[in-house]
Amino acid sequence: MSLINRSKQVILEHQHTSGAFVASPAFDHYRYSWLRDGTFIAYSLDCVGETEAAERFFSWAAGTIEAHRHKASDIIERTRRGEEIPQHLLLHTRYTVDGQEVQGEWGTYQLDGYGTWLWGMSEHLKNSGNEDFARKVKPTLTLIAEYLLPLWRMPNFDCWEEYGDLVHPSTVAAIYGGLKSIRPWVDEPLRQSIESELSVIKHYLLSMGTQDGRFIKSIGSQDVDASLLWLHVPFSVVEGGHPVMVATVKEIEETLLHQNGVHRYAHDVYYGGGQWVFLSAWLGWHYAETGNLNRSVELLKWVEGQFNNEGHLPEQVHHHMLAPEHFSRWVEQWGAPACPLLWSHALHLILASKVEFPQKKD
Ligand code: BGC
């Protein structure tokens, strides 16, 4: 079986009957469905023609959001009254496969997954052309757009579920990308409100979200983070050839890349701060969209080199660690690193499809 078919199989065999995807079936803390992971997983299925399975996820997510509609509506009302929103009122970032919130200590107050979901929905609706589904989910798309519009400047946990007191350009980019792409599926006056907010968000990202001509991990920091690739793919705040993006990618490569494996950020200690399989694929995706297919293929080969004997891709590999002294502490605490991670298989599929059918060169 080809590795592409294997990634597809791993994803499909772990889709719950509800439509949800657990982040990793073999890692206790990841036996839940994240909107962020799940949307990229569903998008990868859309990329390889598994439209129905993708739709089952998007539909599960819409149903789950609807079950928690009262929380989003309450926040929308509060922001209309000009109230500050305490983080604990935010929608959660992950749910059980049957759509319940997960209780317990976790950096669960994150906004990027909802922006990502809007973006994934728009890609799916374009790809499937399913107008019935578009009509059915319109109230949920509208709700989430109205929810994100007033919240994007609010500090919340980043896509690594850390630093909840900061504002992270990659999170803001996910919100930007989600709002921008969902415009055709919502009505006026919301569409117009989105339109005018988009230029404010972009201006904010290019001013507050940069230092020395490149994007930064969080507002006020100097550091770079590999998730900043999102500002190009898929959320298109800037094109891949924009000078700020070029400088960001250069910094990511100089500080976080080691023999085609990409680290998350310089001070990462989680499981020793290894190299994240999907981040190498992300860099390859950036290169596929900027016309450097040779580089994408090199990164794809590296990703494919990380499959283990059971045909699984892990979350991270440990050929090169930033903080090796922290590795065993995590293994003792939480067991072996997550494997398979469905999000890694998803980015493998996405990169493979971009390499095969490059869509856009800027
Ligand atoms: C990562 C998140 C991810 C979650 C489930 C966390 O360790 O930081 O980005 O959503 O695992 O895969």
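**Figure 1. Gln-110, in the loop between S2 and helix H5.** In this predicted model, Gln-110 sits in the loop that runs between S2 and helix H5 (112-128). Being in a loop doesn't put Gln-110 out in the open here: its relative accessible area is 0%, so the residue counts as buried. Its side chain has a polar contact of 2.7 Å with the side chain of Arg-36, and another, at 3.2 Å, with the side chain of Thr-93. Both of those partners turn up again in the contact list of Gln-110, which leaves out neighbours within four places in sequence: Arg-36, Leu-91, Thr-93, Asn-156, Phe-157, Asp-158 and Glu-161.

**Figure 2. Tyr-95 in strand S2.** Strand S2 covers residues 94-95, and Tyr-95 is part of it. With a relative accessibility of 1%, Tyr-95 falls under the 20% cut-off, so it goes down as buried. A polar atom of the Tyr-95 side chain lies 3.3 Å from the backbone oxygen of His-92. If you skip the neighbours within four places in sequence, the residues in contact with Tyr-95 are Tyr-32, Ser-33, Trp-60, Thr-64, His-68, Gln-100, Glu-101, Val-102 and Tyr-114. For a sense of scale, take Ala-174, which is 79 residues away from Tyr-95 along the chain: the C-alpha atoms of the two are separated by 19 Å.

**Figure 3. Two cis peptide bonds, each ending in a proline.** Going from Glu-188 to Pro-189, the peptide bond is cis, and omega is near 5 degrees. Pro-189 belongs to the loop between helix H7 (169-182) and helix H8 (190-207). The bond that joins Val-233 and Pro-234 is cis too, with omega at about 5 degrees. Pro-234 is also a loop residue, placed between strand S4 (214-215) and H9.

**Figure 4. Asp-212 and Gln-259, two non-glycine residues with positive phi.** Asp-212 isn't a glycine, yet its phi is positive, at about 50 degrees. You'll find Asp-212 in the loop between strand S3 (210-211) and S4. The relative accessible area of Asp-212 is 67%, over the 50% cut-off, so it counts as exposed. Gln-259 is another non-glycine with a positive phi, this time about 45 degrees. The loop that holds Gln-259 lies between strand S5 (257-258) and strand S6 (261-262). Gln-259 is exposed, with a relative accessible area of 67%.

**Figure 5. Val-244 in helix H9.** Helix H9 spans residues 243-256, and Val-244 is in it. The relative accessible area of Val-244 is 14%, which makes it buried. Setting aside residues up to four places away in sequence, Val-244 touches Leu-206, Thr-210, Gly-213, Arg-214 and Phe-215. One of these partners, Phe-215, is 29 residues from Val-244 along the chain, and the two C-alpha atoms are separated by 6.8 Å.

**Figure 6. Arg-295 in helix H11.** Arg-295 is one of the residues of helix H11 (residues 293-304). With a relative accessible area of 15%, Arg-295 counts as buried. The side chain of Arg-295 makes a polar contact of 3.0 Å with the side chain of Asn-260. Apart from residues up to four places away in sequence, Arg-295 touches Glu-253, Leu-257, Asn-260 and Tyr-287.

**Figure 7. Stepping back to the protein chain that frames these close-ups.** The secondary structure adds up to 13 helices and 8 strands. The radius of gyration is 19 Å, close to the 21 Å that the globule rule gives for 362 residues, so the chain is as compact as a globular protein of that length. The C-alpha trace spans about 50 × 50 × 40 Å along its principal axes. Of the 362 residues, 57% count as buried. Among contacts with a separation of 6 or more, 71% are between residues 24 or more positions apart. The accessible surface is about 14,100 Å², and carbon and sulfur atoms account for 50% of it. As for charge, there are 30 positive and 45 negative side chains, and the centres of the two sets are 4 Å apart.

Conventions. Residues numbered from 1 in each chain as written. Predicted model: local features only at pLDDT ≥ 70, side-chain atom pairs only at ≥ 80, totals over all residues. Heavy atoms only, no water. Helix = DSSP H or I, 4+ residues; strand = E, 2+ residues; numbered from the N terminus. Rg over C-alpha atoms; globule rule 2.2 N^0.38 Å. Buried < 20%, exposed > 50% of the residue type's maximum accessible area, 1.4 Å probe, protein only. Contact = heavy atoms within 4.5 Å. Areas by Shrake-Rupley, 256 points an atom, 1.4 Å probe, with all protein chains shown as cover. Lys, Arg positive; Asp, Glu negative; His and termini not counted. Charge placed at Lys NZ, Arg CZ, Asp CG, Glu CD. Polar contact = N/O pair within 3.5 Å; in protein donor to acceptor, adjacent residues only side chain to side chain.
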